[in-house]
Amino acid sequence: MRFYLLLFLVAWSVCNANNVQLYNLQGYVEDQKHIPLPGATVVLEGECSDESTISNLEGRFSFSNIPKGEYTLKVTYIGYKSYSRSINIDRNTYVTIHMEHSVSKLNEILIECSYGERRRRMDSRNTIVVDSEHIRRNQSGSLMQSLEGLPGIGAMNIGSAQSKPAIRGLGFNRLIVAEHGIKHEAQQWGSDHGLEVDRFAADNVEIIKGPASLKYGSDAISGVIDIKQNFVPEPETIGGSLDVVAESNNDMLGSSLSLYGRKNGFFVNSRITRTGYGDYKVPTDSVDIYSYRVPLYKNRLRNTAGNEMNMHLTAGLIRQSWNTRLFLSRVNHKSGFFANAHGLEPRMVDKELYDKSSRDIMNPYQKVEHTKIINNSRAYINGLLINLKLGFQNNFRREYSNFTSHGFMPAVFPDTLDFSPDLEREFSKNIFSGKVESIYSFSDNHVVSAGIDTELQNNDIDGRNFIIPAYRQFSAGVFVLDEWIINDNSVFNIGLRYDFSNLETRKYYDWYMTNGEFLKRAPGLSRNFSSISGAAGFNYSNDDISFRINAGKSFRVPTAKELAANGVNYHLFSYEKGDTTLKPEVAYQMDLGIEYKSGNYNFMFSPFVSYFPNYIYLNPSYRYDYNYGAGNQIFNYTSTEVGRVGGELYSGYNILPALKAGITAEYVYSVQMSGDKEGFTIPFSPPASAILNIRYEHGSIGRFTKAFIEANCRITAAQNLIVPPEQKTPGYRVFNISIGTSANILDENFDIYFNINNVFNHNYLNHTSYYRLIGVPEPGRNFNISIKIPFKI
């Protein structure tokens, strides 16, 4: 007994002697892709102290008042190898812990699914995370088409290789597409303007459904699509990959070559992508365009061919307490517009000329070049995490078509002007962006984030036809977000944001005279907009069930087109006029989410409700303009009260260990509650739809692993709720088949995917498609093959 008492007194005296020297230990837990790991168990073992904690929402942890001495730091996280290291505490210390996945050959989908699962459990917003394997497995003409099968995610297709994203039926400037954390800015106001991103360059895509203005500012009303490149090469490696893709419907061939290397903390990753495709085929031999029947040669939509050439370079430096990355990219795209659906007279088309080759790109067509220079840096300073993002973008768009005189235009284009008679429109936009965010943990369970972001846009115009004026826009916002981990199962967050924006449009006069004078199309305009927005959310989760609720106010600054448009839209046969008195669009929204998992069964339900006091849209009038609008119907930008309700549902069951079946359903109901269209819906409202899916997965067969075969049927209801002059669209069913596997060749895993879209070549109209407005059906049967060949040197 005396021996134990003596031992205790000696230990106590040693610890007490050092007690006057107390230090703090802080750290950050992340995976191999530098994605934070919230909820990791961190244990600090020593002679005088034996403490444990868990990492917070940002993957950070801290220990306070630690006596000087030698300790063992241990970290565990499900699905990752245990981490252990000796650490000498003789000063305030900060450590970064890189956790390795427990599988030696890392399967990318396992990482991303784990990350997506963490985000759903720790975030009150409705979040979906998909990886590059999902994109390749669902390979389609564009990135947004590859994501279209996700619950609540749609694509407004512009032909076979371009599309615009939509979340719960809202697109254009009501959602944000971000790349490398910087908002992608182009000419997204145009219904025929696709998204200028490279689908091969996305490592993963994070989708937030619902109000997201708190962190992203204006336009994030329906949500955010955040395209990320998280790949960091392993130390002391050189390698790359070659992606090859081919499609039968439009005879598309494409390839993307990636090369990377890393020396210590410095790494470089590069990519070059090249694709080319011809006119795409539809399951009909003619289409009716405003009472005129247009025959289609070999079922091809003439002049819808295109090509793409993209280049990317990433350089990064990783250090113990900071890292930085520089992203350089240039996307070049050229594609034709359907020759019979552009301009003033679709019947005056030389069919023999256009039908000679399915790969020619003639008038009308568009050329787009988008350049990005973005820097992302992150630093840890005395327990404070600072994220800095700086960006420059240039979007250069040109649209060409044959000159056709109308209104007071001269019959012969004058040779005194400084632009080509075929240059219909030109837009050149420069965007400068900056964001800084600081994150501080007051304790293991309490994190506060605050940030400032600014953006300056300058958009110049040129060409013979006017639709929107040149403009300059400055925006700035500041936000604060408070997050509490109530216990191991519950998280609460609340935040507030203030935004200011100034929009200046420049005067525009026609280049030709009307009744002896140059007509003033747009006034010089300067408008200031401001808004206070916010959000609050709660998330509860355990092993079987999770529940989340998020409510918030979002807003959107009116675009220059909505304020000052005054011209013919030759793509939609309309004369569009803006309203200089429009106020910022505001939305009040609430999202719920319920998930249940038990054994072989999985269920998810995500309803939402939203209210817009002043929803802005293009309202058709009963008038036609024959003086300046070539006899086209006049559409006026206006605002109206709108209510929306809907949601997504998923139910899945593992029939056998290798056989899975599921159903995904989504529904959106929108109604105008004021104005001359009261009681009608809003344009491009998606009909109810469901996807029935069955998937069989096989284990290893020799050199082949992860083999699967999957079939799905998309059932879409008729859309009878329209706003004139929209036409009702009938319901339809479309079948798709996917087959894939990974083959081990030369110690590398080659991914091979084969898809058949629209198996039965069904003729149907997609209500949210661009060409649906003129009765053009969706593409017919398409065979798609995608191969990824990795290599290391």
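Biologist: How does one read the exposure of E697, and what is its relative accessible area?

Modeller: The model is predicted, and exposure is read as relative accessible area, where values under 20% count as buried and those over 50% as exposed. E697 falls in between, partly exposed at 29%.

Biologist: Which residue does the side chain of E697 meet in a salt bridge?

Modeller: The general idea is that side chains of opposite charge can pair when their charged atoms come close. Here the partner of E697 is R695, with a distance from N to O of 2.7 Å. R695 is buried, its relative accessible area being 11%. Elsewhere, R168, K209, D591 and E648 are joined into one network by salt bridges that share partners.

Biologist: How many salt bridges does the structure hold, and how many side chains of each charge does the chain have?

Modeller: The structure contains 39 salt bridges. The chain carries 79 positive and 81 negative side chains, and the centres of these two sets are 1 Å apart.

Biologist: Which salt bridge can be examined within a helix, and how far apart in sequence are its partners?

Modeller: E133 and R137 are such a pair, with side chains that meet at 3.2 Å, N to O. Both belong to helix α3, residues 132-137, and because they are four residues apart there, about one helical turn separates them. E133 is buried, at 5% relative accessibility. R137 is buried too, with a relative accessible area of 13%.

Biologist: What does the salt bridge between E369 and R330 look like, and which parts does the pair tie together?

Modeller: The side chains of E369 and R330 meet at 2.8 Å, N to O. E369 is in strand β23, residues 365-381, and R330 is in strand β22, residues 322-336, so this pair links parts that lie 39 residues apart in sequence. E369 is buried, with a relative accessible area of 19%, whereas R330 is partly exposed at 30%.

Biologist: How should backbone geometry be read, and where is there a cis peptide bond?

Modeller: The background is that most peptide bonds are trans and most residues other than glycine have a negative phi. In this model the bond from N363 to P364 is cis, with omega near 0°. P364 sits in the loop between α6, residues 351-354, and β23.

Biologist: Where does F172, with its positive phi, lie, and is H180 buried or exposed?

Modeller: F172 has a phi of about 55° although it is not a glycine. It is placed in the loop between β11, residues 170-171, and β12, residues 175-179, and F172 is partly exposed, with a relative accessible area of 25%. H180 likewise is a residue other than glycine with a positive phi, near 60°. Its loop runs between β12 and β13, residues 182-183, and H180 counts as buried at 7% relative accessibility.

Biologist: Finally, how is the chain as a whole to be read, and how many helices and strands are there?

Modeller: The chain has seven helices and 43 strands. Its radius of gyration is 28 Å, close to the 28 Å given by the globule rule for 793 residues, so the chain is as compact as a globular protein of that length. Along the principal axes, the C-alpha atoms fill a box of roughly 110 × 60 × 50 Å.

Biologist: What share of the residues counts as buried, and what share of the contacts joins residues at least 24 apart?

Modeller: Of the 793 residues, 57% are buried. Among contacts between residues at least 6 apart in sequence, 66% join residues at least 24 apart. The chain exposes about 33,200 Å², of which carbon and sulfur atoms supply 57%.

Key: Residues numbered from 1 in each chain as written. Predicted model: local features only at pLDDT ≥ 70, side-chain atom pairs only at ≥ 80, totals over all residues. Heavy atoms only, no water. Helix = DSSP H or I, 4+ residues; strand = E, 2+ residues; numbered from the N terminus. Rg over C-alpha atoms; globule rule 2.2 N^0.38 Å. Buried < 20%, exposed > 50% of the residue type's maximum accessible area, 1.4 Å probe, protein only. Contact = heavy atoms within 4.5 Å. Areas by Shrake-Rupley, 256 points an atom, 1.4 Å probe, with all protein chains shown as cover. Lys, Arg positive; Asp, Glu negative; His and termini not counted. Charge placed at Lys NZ, Arg CZ, Asp CG, Glu CD. Salt bridge = Lys/Arg side-chain N within 4 Å of Asp/Glu carboxyl O.
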